[in-house]
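Hello,

Here is the structure I promised to pass on to you. Have a look at it first, and then read on for what turned up in it.

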Amino acid sequence: MKRIVFKVGSSVLTDTKSIAKQRMLNLVSLIVEARKKYEVILVSSGAVSAGYTAVQLNRSVPTSKKVLASVGQPILMSSYKNKFDIYDVPISQILLTEEDFDSRVHTQIFQDIIERTLRNDILPIVNENDISTTPDQLFGDNDQLSAHITYHTGADLLVVLSDIDGYYDSNPRDNPEAKIKKIVTKIEKEELEQEHTPNSQFATGGIVTKLKAAQFLMDTNQKMFLCSGYDLTTAYEFIMDGIHNKGTLFTKN
Ligand code: ADP
């Protein structure tokens with residue numbers, strides 16, 4: 001059976017005041033469908049922004065940001081649990097840091113956990129554990145984390161569900177004439193070095209971290225598909241029917 005990693009960003013999962021319930025429910029039903037065909041791993045951002053819906057601490061203060069993540073992680077997970085319960089899908093929470101990838105021994109531990117989780121038909125929901133770690137132990141964004149998970153679990157595809165519906169030849173928020181790239185086989189150095197432009201205050205990545213994730217996977221001969229997390233039709237068509245209408249596929253060949 002083939003394996004897919006989904007990565008979903010904060011802006012898809014939360015509105016300023018609460019968890020974006022309908023969007024999360026749509027994501028949950030997509031994953032339920034995908035599980036009929038694939039083994040699925042979900043990498044979910046959104047802990048800090050979920051925390052902010054409960055307590056409005058200043059997230060630019062590092063310790064307050066950690067507190068927000070610690071408040072938000074259970075909010076996020078209980079919200080997922082309510083929804084996956086509708087479909088009788090058991091979920092697990094796996095929190096990782098960059099350190100979990102720094103040696104064969106560490107990597108083997110989480111690989112074994114994820115394998116065993118999938119074998120028992122449980123959906124692993126992975127997030128970065130930014131609560132007790134120092135900044136250099138963190139990926140800092142889930143785009144890179146999900147690329148590493150895709151590599152280390154031997155998944156066939158990483159699907160990045162974003163606030164943007166693909167990769168454009170320039171930032172579509174600044175340039176209404178920007179054109180979407182359907183297939184990308186090579187990423188130039190300048191594209192990887194451009195300014196970081198996350199769209200929302202809770203987003204940490206922007207397009208550059210997505211390109212880095214894509215580059216990492218192209219180097220390992222794996223694929224990444226970047227598409228909208230708001231309208232999941234594109235993701236559904238791509239993974240369930242093999243139809244590539246919108247979205248950007250990053251692939252070496
Ligand atoms: P997410 O929360 O889904 O991880 P981000 O806000 O971190 O998303 O990153 C996506 C944003 O990157 C887009 O909303 C857009 O503002 C910005 N961006 C900059 N350049 C581009 C580009 N060439 N193509 C697509 N998006 C771009």
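The lining of the largest cavity is a mix: four of its residues are nonpolar, three are polar and two are charged. Please keep in mind that this is a predicted model. The residues around this cavity are A47, A69, Q73, L95, N127, E128, N129, D130 and I131. Both α4 and β4 supply at least two residues of that lining. The volume of the largest cavity is about 30 Å³, and the count of cavities of 30 Å³ or more comes to one. If you wonder how such spaces are found, rolling a probe the size of a water molecule over the atoms shows where empty space is left.

A47 from that lining also turns up in helix α3, which spans residues 47-54. Which residues of this helix are buried? They are A47, V48, S49, A50 and G51. What covers them includes α1 (10-13), α4 (62-86) and β4 (123-128).

Next, the open space with a way out. The second largest pocket has a volume of about 190 Å³. Two elements give two or more residues to its lining, namely β1 (2-8) and α9 (233-241). You will find K2, I4, Y38, D156, L157, K223, F238, I239, G242 and I243 around this pocket. By type, the lining of the second largest pocket holds six nonpolar residues, one polar residue and three charged ones.

Now to the sheet. Strands of a sheet pair through backbone hydrogen bonds, either parallel or antiparallel. Here there is an open sheet of eight strands with mixed pairing, and the order to follow on your screen is β3-β4-β2-β1-β5-β9-β10-β8. Its edge strands are β3 (91-96) and β8 (183-184), each of which pairs on one side only.

A good place to start in the sheet is β1. How many of the seven residues of β1 are buried? Six of them are, so β1 is largely enclosed by the rest of the structure. With strand β2 (residues 38-44), β1 pairs in the parallel sense over seven bridges, and there K7 stands opposite V43. With β5, the pairing of β1 is also in the parallel sense, over five bridges; here V8 has L161 as its bridge partner.

Further along the sheet, the pairing between strand β9 (residues 223-228) and strand β10 (residues 248-250) is antiparallel and runs over three bridges. One pair to look for there is M224 with its bridge partner F250 in β10.

Three single residues are also worth a visit.

S162 sits in strand β5 (residues 157-162). Why does S162 count as buried? Its relative accessibility is 6%, and buried means under 20%. The side chain of S162 reaches the backbone nitrogen of I164 at 3.2 Å. Setting aside neighbours within four places in sequence, S162 is in contact with V12, K210, L226, C227, S228, G229 and Y230.

T153 is found in the loop between α6 (142-152) and β5. With a relative accessibility of 7%, T153 counts as buried too. At 2.6 Å, its side chain reaches the backbone oxygen of I149. Not counting residues up to four places away in sequence, T153 touches R3, V5, I41, I114 and E115. R3 and V5 fall within the span of β1 (2-8), and I41 within that of β2 (residues 38-44).

Q194 also lies in a loop, the one between α7 (189-192) and α8 (207-219). Is Q194 buried or partly exposed? Q194 is partly exposed, with a relative accessible area of 32%. Leaving out residues up to four places away in sequence, Q194 touches Y167, I207, V208 and L211. To get a sense of distance, pick the C-alpha atoms of Q194 and V28: they are separated by 33 Å, and the two residues are 166 apart along the chain.

That is what I have for now. Enjoy exploring it!

Best wishes

How values were computed:
Residues are numbered from 1 along each chain as its sequence is written. This is a predicted model: local features need pLDDT of at least 70, side-chain atom pairs count only at pLDDT 80 or more; totals for chains, interfaces and linings use all residues. Side-chain values use heavy atoms; hydrogens and water are left out. On a 1 Å grid over the protein atoms alone, a cavity is a set of points where a 1.4 Å probe fits but cannot get out, and a pocket is an open set with protein on both sides within 12 Å along at least five of seven lines; lining residues have an atom within 4 Å of a point. Grid points are joined across faces, edges and corners, and a volume is the space filled by probe spheres set on the points. Helices (H or I, at least four residues) and strands (E, at least two) are DSSP runs, numbered from the N terminus. Ala, Val, Leu, Ile, Met, Phe, Trp, Tyr, Cys and Pro count as nonpolar, Asp, Glu, Lys and Arg as charged, and the others, Gly among them, as polar. Buried means under 20% relative accessible area, exposed over 50%, partly exposed in between (1.4 Å probe, protein chains only). A polar contact is a pair of N or O atoms within 3.5 Å; within protein, one must be able to donate a hydrogen and the other to accept it, and residues adjacent in sequence count only if both atoms are side-chain atoms. Contact means heavy atoms within 4.5 Å. Two strands pair if DSSP finds at least two bridges between them.
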